[in-house]
Amino acid sequence: QVQLVESGGGLVEAGGSLRLSCAASGRTDSSAAMAWFRQAPRKEREFIASITGSSGTTTYADSVKGRFTISRDNAKKTMYLQMNSLKPEDTAVYYCAAGWPVGSQGPYDYWGQGTQVTVSS
């Protein structure tokens, strides 16, 4: 089993920045892909970004491209999401995921509990 724990969420003003972290523990595997998703109230879960384990290839949703940056440090077993130029519509619970998906958007095998990000206008 793999456990994922997100941190770094909080309240920020529009235009501000936050960096989320996702720490992995347990039977981790650096070959696993990792990803960030988010879910806003009354909306479906949305893919944000992913990063492969081997080559570190990244994929982004159009809604965050150019503003968010996904990265990982395999030695620390941690993935990051640097979020810049935040907008109120970025408000959501952010989840990290890991696994060996068919495509960049999933399905993923392991999920964290989520961290709340709130962007005030």
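Buried here means under 20% relative accessible area, and a salt bridge is a side-chain nitrogen of Lys or Arg within 4 Å of a carboxyl oxygen of Asp or Glu. With those cut-offs in hand, Glu6 is a good place to start in this predicted model. Glu6 sits in strand 1 and is buried, yet no salt bridge goes with it. The nearest side chain of opposite charge belongs to Arg45, and that is 9.4 Å away. Since the cut-off for a salt bridge is 4 Å, Arg45 at 9.4 Å does not qualify as a partner.

What does the Glu6 side chain reach instead? Two backbone nitrogens turn up. That of Gly114 is reached at 2.8 Å, and that of Cys96 lies 2.9 Å from a polar atom of the Glu6 side chain. Leaving out residues up to four places away in sequence, the neighbours that Glu6 touches include Ser21, Cys22, Trp36, Tyr94 and Tyr95. Gly112, Gln113 and Thr115 are also among them, along with Cys96 and Gly114 themselves.

Two of those neighbours, Cys22 and Cys96, bring up the disulfide. A search of the whole structure turns up one, and it joins Cys22 to Cys96 with an S to S distance of 2.1 Å. Cys22 belongs to strand 3 (residues 18-26) and Cys96 to strand 9 (residues 92-99), so the bond ties together parts of the chain 74 residues apart in sequence. The torsion about the S-S bond is about 60 degrees, so this disulfide is right-handed. As for exposure, Cys22 is buried at a relative accessible area of 0%, and Cys96 is buried as well, its relative accessibility being 0%.

Now for the charged side chains that do find partners. Side chains of opposite charge can pair when their charged atoms come close. The whole-structure search gives four salt bridges, and Arg38, Glu46, Arg67 and Asp90 are linked in a network of them. Arg38 pairs with Glu46, with N to O at 2.8 Å. The two ends of that pair sit in different surroundings: Arg38 is buried, because its relative accessibility of 6% falls under the 20% cut-off, whereas Glu46 is partly exposed at 30%.

Arg38 also pairs with Asp90, and here the closest N and O atoms are 2.9 Å apart. This is a link between distant parts of the chain, with Arg38 in strand 4 (residues 33-39) and Asp90 in the loop between strand 8 (78-83) and strand 9, 52 residues apart. Both Asp90 and Arg38 are buried, and for Asp90 the relative accessible area comes to 1%.

Asp90 has a salt bridge with Arg67 too, the closest N and O atoms being 2.8 Å apart. Arg67 lies in the loop between strand 6 (58-60) and strand 7 (68-73), while Asp90 lies in the loop between strand 8 and strand 9, so this pair ties together parts that are 23 residues apart in sequence. Arg67 is buried at 11% relative accessibility. Its side chain has another polar neighbour, since a polar atom of the Arg67 side chain lies 2.9 Å from the backbone oxygen of Ser85. Setting aside neighbours within four places in sequence, Arg67 is in contact with Gln82, Met83, Asn84, Ser85, Leu86, Lys87 and Asp90.Met83 leads on to the nonpolar interior. The largest nonpolar core has 34 residues, and Trp36, Leu81, Met83 and Tyr94 are those with the most contacts inside it. Several strands contribute: strand 1 (2-7), strand 3, strand 4, strand 5 (46-51), strand 7, strand 8, strand 9 and strand 11 (115-120) each supply at least two residues of this core. Leu81 touches two of the other well-connected residues, Trp36 and Tyr94. Its contacts beyond four places in sequence also include Leu18, Leu20, Ile48, Phe68 and Ile70, as well as Arg19 and Thr69.

Finally, a look at Gly26, in strand 3. Gly26 is partly exposed, with a relative accessible area of 48%. Apart from neighbours within four places in sequence, Gly26 is in contact with Gln1 and Gln3. Gly26 and Glu46 are 20 residues apart along the chain, and their C-alpha atoms are separated by 26 Å.

Notes
Residues are numbered from 1 along each chain as its sequence is written. This is a predicted model: local features need pLDDT of at least 70, side-chain atom pairs count only at pLDDT 80 or more; totals for chains, interfaces and linings use all residues. Side-chain values use heavy atoms; hydrogens and water are left out. A disulfide is a pair of cysteine sulfur atoms within 2.5 Å. Helices (H or I, at least four residues) and strands (E, at least two) are DSSP runs, numbered from the N terminus. Buried means under 20% relative accessible area, exposed over 50%, partly exposed in between (1.4 Å probe, protein chains only). Contact means heavy atoms within 4.5 Å. A nonpolar core is a set of buried Ala, Val, Leu, Ile, Met, Phe, Trp, Tyr and Cys residues joined through side-chain atoms within 4.5 Å. Lys and Arg count as positive and Asp and Glu as negative; His and the chain ends are not counted. A polar contact is a pair of N or O atoms within 3.5 Å; within protein, one must be able to donate a hydrogen and the other to accept it, and residues adjacent in sequence count only if both atoms are side-chain atoms.
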